[in-house]
Every structure is written in C-alpha cells, then in structure tokens.
Amino acid sequence: MEAWRLALSSSIRGKLISAGYTSLSSISSVSSSDLARDANITEDEAFEILKLANQSSGSNSCNGNRSLINGAKNAWDMLHEEESLPRITTSCSDLDNILGGGISCRDVTEIGGVPGIGKTQIGIQLSVNVQIPREFGGLGGKAIYIDTEGSFMVERALQIAEACVEDMEEYTGYMHKHFKANQVQMKPKDILENIFYFRVCSYTEQIALVNHLDKFISENKDVKVVIVDSITFHFRQDFDDLVQRTRVLSEMALKFMKLAKKFSLAVVLLNQVTTKYTEGSFQLALALGDSWSHSCTNRVILYWNGDERYAYIDKSPSLPSASASYTVTSRGLRNSSSSSKRVKMM
Amino acid sequence: MANKLIGEMGLHTKISNIFAARNIITAKDALSMPEFELMELIDVGMKETKSAVALISEATSPPCQSARSLLERKVENEHLSGHLPTHLKGLDETLCGGIPCGVLTELVGPPGIGKSQFCMKLALSASFPAAYGGLDGRVVYIDVESKFSSRRVIEMGLESFPEVFHLKGMAQEMAGRILVLRPTSLANFTESIQELKDSILQNQVKLLVIDSMTALLSGENKQGAQRQHQLGWHISFLKSLAEFSRIPIVVTNQVRSQNRDETSQYSFQVSLQQLH
C-alpha cells in the first residue's frame, strides 16, 4: 500500500514523500526518531504516522484462534445476533409482518411517501412504541425525534401515548386472565418525557446535530430509535451544488449507519417524493437522487392504492418485497378494516 | 444558528486562525463539505479536524427538549394551548382545540365552497376578546382576489355573536382590528410580508390570513417548475414567521381536477400492474 493513501494532512504527506517514504513498508521499518529527522517533522507527528501505518497494513500479526482479519466475525455467530435483534412494533400487525416483526435495530430504514400518507404518524408511533417496557415485549428505550419541517404535533403524540397505555392496561388484563384492565406503571406524560425533540432549521444545523448525536447518545444510552422527519426538506431547497450535496448526504448516511451499529439502535429516515420522467411517463420516486437511494439499508414506500394506505418493502437485504395495508386512526397506526379509508372529496 | 461564527466557539487559537485564513468563518462554511475535504482544505491532521468539527457541531446543534416540556410550555404560555377555535364543534375537536398556532394551515377546496367565508369568520373570531374565544388582537388579511367584504363580516358578527356585537362601539372596535391588504403583484406581496416580520410583535397581530396563495401567481408569466419555485421562498418565510411569532397563519388554495390516468405511480406499481 502506498503512503499517499494514509489519512494525513497534505503538507506532512508531502514531506514524507519527498524524504523518500513512498510505501508503508518503508515507514513501518523505521523508528520514529529517524522518521522525524529524515522528513523534517516533529517526533509526535512521526509517532502518529507510524501508528496509522501499522493500523492500515492489516494484521499479519493475527491471533491464532481469532479470525484471519482483524474485526471480522463469521456468519454463524452473526446469525445468532441477527435473530436475537429486537424490533420496534409499528402497532399494525400486517405492517409488522412484512417487516419481519417490526423496524429492526442496528439498521437504517428509509420510509418515503407523498404528503399526507402518514410518515409523521409512523414517526410518532415508533417514538412511543420504542418505550413499551420489556415485560410487554418492547424495548423499554427512549426516542430522539429530529423535526426538520415542524410537523411534530405534540398533542397527537399525547393521544398516541394515551392509546398505548390503554392497550398495555388491557393486555395485562388478558395476561392475568382476569380480563379486567390493570393499572400500568407508565403514564402518557412519562412517555412524552422520554421523547427527545430537536427542531432543525437549516441543513447546517442538521449536519451539526448528526455529528453531535454520538456524544448525546453516549450520555443517554437508553435511546433506541432516532427518527428524522424529514431528511430531505432542507437539502432539497437550499443546496445549490448538487454534486456537493451528494457527497455531504453520503457522509451523513454513513454517520447514521455507524450510530445504528455502535449503539444498537434503529435509525428511521423519513423522505419526500419527487416525480421523475422515465420510460415515457412521469413516475414517482423518493427524493434526493439515485446516489442517496443506495445509502439506506432498508426502504419502505408508503402509497395510496385507491383509497387505502399501503406500505411496500422496496429494498431490504433479508425481507421479500411485499405490500401491506394500514390505517391512521385516532389511536395511531393500526390494521386497516374496510371502514377506515380515505375520505372522498364530495 | 447556521451563521454562528467559528471565532466565538472556543476553538484552539491555532485552528481558529487556520479556519479564518481559509475563509471559513461561519458554521455553515465548515459543515457544508465532507470532513475529508475540510481536512484537505485546512491542511491539518484527521484527528484535529474531527475534534474541531465535533466542537463546531456541538455549538451549532439545536437545543434538546422533551416532548413533555413542549406540551407544558404550550399549555402555560399560549392562549387556549395555542389554538384558534373555528367554532365548528367537530372540527375543533379533531384539531385538538382549533387552528394551531405557530404553523401554516392550508384551506383547500373547489371554487364556491366557502374558503373566503371561512377566512372572514376566522378573522372575526380572532379579533374578539379572550372571554369570547378570540385571540384579542389584530388580524392582517391579505386579500388577493378582493373577496373580503366588511359588510359580510359585520353581518356574521351580528348573527353569530349577538351578545358582543350589539354592545355599543364593539362592532367598530372588532372590525377596526382587521387590517386588509390588497397586493397588486407578487413583488408587492413579498414586500408586505417582509415588513410584517417586525411589526407582528409590536402591533399585537394575532392572525395572518392569505386568500389566496395561488391567485398571486396567476398574474405572473412563468410556467411549470419555475412557477412552483417562485412561491417556495415565500412559504418558507411564512413558515418561519409563524413559528417565530407563535401565531396561526391560514392560507387558501384552489383545486385543479386531475385525470385518473394522470396520477403518477411508483415504478414498482407500474410493474405490478403489468403483471396482472
């Protein structure tokens, strides 16, 4: 591997190369004081360079019974991890079924759809459902809600929280076989207390917040879901340079993935829709372009089919493509029955 | 927040100077490019760049609030928890009190359905004192299509709120609080709403009505995508105006008939249809 691939500032790199250290093997075979003298840099800088060089050269120094490459896991071990991964229910069993049980933690899921289809509703529902305690089959975690459009309605969150508590109380009735709703520890206001709300007003704030989330979540370890409503809004209007926008968005997607893996939480990104002219007609597609569509692990598209709301798994490494219908009721997201459909214009 | 100065964030002087030398003055400048590019630009090691970006990000991030404190603040500070009642029982119940404050509400409908009437009623009830469910403040009514009729408003007042309206001088007081603007062009409109930003708080404006948004464009010449972009800035501005001053803003829009065949679909819907 060449020395110019190392993540160093350009002036130091320049000095290294002009001193003749063009490959990693030449760097790792020399001591830090010799390197400092030859390349005309300080001892500290030389030490940093040596550390970087040794990391990148991969491990020929592997432990016998560990894996061949540092940091790799074998697929059998990962299977056990994947199966025991908790999932966040959407309160709609049809939707949960096509999602394999719910929104998976450790993954970035993108949910997109036209205005009014229920993206914010799903966001609020998930931020309440993540808090369902373990004894009811939930994660007992907290939620971060990043609002870029001002769509978060706190009264609606309270409504959904109240319905959730009522459902839990009914469930305890069934569990203890006395079929009488029992008091539950959690109260709706407590649920609201555990939703960390951020209002973002520009793409700069959005990028800053994503950078800052690592520190924030380290201090609030029970956060189990991060919802961004929506990731598109500020990037669609204010960013003029599309090439730059793609690069910034890819970096942001990577950061979200790292957060998901590091803290074992679910990242849900809500996206808007745009029309593309392909194959001779206008078609709907999720916003932010083709490069962005590669960035998320899972993609769910919400759409209207006649007067009913449907969700379609558009992209997933393990789930088959499938559609399921859902409704938005006063209690939140639920399975659809024939009566609750879109109101027709008179 | 985006324009926060890097110089005042408490960064190490050396890095601060490097940023300034490269013309990276605000948080926006620093965060608008991927970290690798920034590192190349300022010619500093990766670790140092990362910690500088982390500090800038922390300083620029919006503050955190729990949803509970959001609710409590609304209940405490805002009249009727931040709602303007429409006096239509079912609607008020569904909207948790009425038209919400701090956001943009759009009234959509075909011609003749009553959008302008609705707006006039809202303007009237907003001007009322709190005891009668009003916001006790001024109303700015931007009437693009000249649909506002003061005679109709007074008639509404006399019929719906007789106890108030029959009191001496009340009609004059209430009607006097509704300020009607008739912009002649988009540029005129733009100017007016920019002026509003400062005068809203000073003059106790509690409601802004724009009837109608689409009529503003009918006089202008551009077509298609450019047409949409024209109002893009105005909508953002109105949105932030609403949030900043915590007043409701009501906007009306027209409907256009759409052919069933014209409805756009996703590519997977097209392929599903082709299968059948």
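**Exercise 1. A residue in helix H8**

Leaving aside its neighbours within four places in sequence, which residues is A:Val165 in contact with?

*Solution.* First, the ground rules. This is a predicted model, in which local features need pLDDT of at least 70, side-chain atom pairs count only at pLDDT 80 or more, and totals for chains, interfaces and linings use all residues. Side-chain values use heavy atoms, without hydrogens and water, residues are numbered from 1 along each chain as its sequence is written, and chains are lettered from A and ligands numbered from 1 in the order in which they are written.

Step 1. Place the residue. A:Val165 sits in helix H8 of chain A, residues 154-175. Helices (H or I, at least four residues) and strands (E, at least two) are DSSP runs, numbered from the N terminus.

Step 2. List the contacts. They are A:Met186, A:Lys187, A:Pro188 and A:Ile191. Contact means heavy atoms within 4.5 Å.

Step 3. Check burial. A:Val165 is buried, at 6% relative accessibility. Buried means under 20% relative accessible area, exposed over 50%, and partly exposed in between (1.4 Å probe, protein chains only).

Step 4. Add a distance. From the C-alpha atom of A:Val165 to that of A:Val128 is 9.9 Å, with their positions 37 residues apart along the chain.

**Exercise 2. A residue that touches both chains**

Describe the surroundings of A:Asn211.

*Solution.* Step 1. A:Asn211 belongs to helix H10 of chain A, residues 203-219. Its relative accessible area is 17%, so A:Asn211 counts as buried.

Step 2. Residues up to four places away in sequence are not counted. A:Asn211 then touches A:Lys255, B:Leu31, B:Glu35, B:Val53 and B:Ser57.

Step 3. One of these contacts is polar: the side chains of A:Asn211 and A:Lys255 meet at 2.6 Å. A polar contact is a pair of N or O atoms within 3.5 Å; within protein, one must be able to donate a hydrogen and the other to accept it, and residues adjacent in sequence count only if both atoms are side-chain atoms.

**Exercise 3. The contact between the chains**

How many residues does the contact take from chain A and from chain B?

*Solution.* Step 1. Chain A gives 58 residues and chain B gives 49 residues.

Step 2. Take the area. The two chains bury about 4,400 Å² between them, 58% of it on carbon and sulfur atoms. Buried area is the accessible area (1.4 Å probe) that two parts lose on being put together, summed over both.

Step 3. Find the main contributors. A:Glu155, A:Thr204 and A:Leu284 supply 13% of the area that chain A buries against chain B, more than any other three residues.

**Exercise 4. Strand E10 of chain A**

Trace the partners of E10(A).

*Solution.* Step 1. Strand E10 of chain A covers residues 298-305; six of its eight residues are buried, so the rest of the structure largely encloses it.

Step 2. Take the parallel partner. Strand E3 (residues 108-113) of chain A is joined to E10(A) by five bridges. Two strands pair if DSSP finds at least two bridges between them. A:Gly112 has A:Ile301 as its bridge partner.

Step 3. Take the antiparallel partner. Seven bridges connect E10(A) with strand E11 (residues 308-315) of chain A. Here A:Ile301 stands opposite A:Tyr312.

Step 4. Look at the turn. The hairpin of E10(A) and E11(A) has two residues between the strands, and A:Gly306 takes a positive phi near 70° there.

**Exercise 5. Aromatic pairs**

How many aromatic pairs does the structure hold over all chains?

*Solution.* Step 1. The count is 12. Rings of Phe, Tyr and Trp (its six-membered ring) pair if their centres lie within 6.5 Å; planes under 30 degrees apart count as stacked, over 60 as edge-to-face and the rest as tilted.

Step 2. Classify one pair. The ring centres of A:Phe196 and A:Phe216 are 5.5 Å apart and the planes stand at 85°, so this pair is edge-to-face.

Step 3. Locate both rings. A:Phe196 lies in strand E5 (residues 195-199) of chain A and A:Phe216 in helix H10 of chain A, so the pair ties together parts 20 residues apart in sequence. Both A:Phe196 and A:Phe216 are buried.

Step 4. Find a cluster. Ring pairs link A:Tyr303, A:Tyr310, A:Tyr312, B:Tyr266 and B:Phe268.
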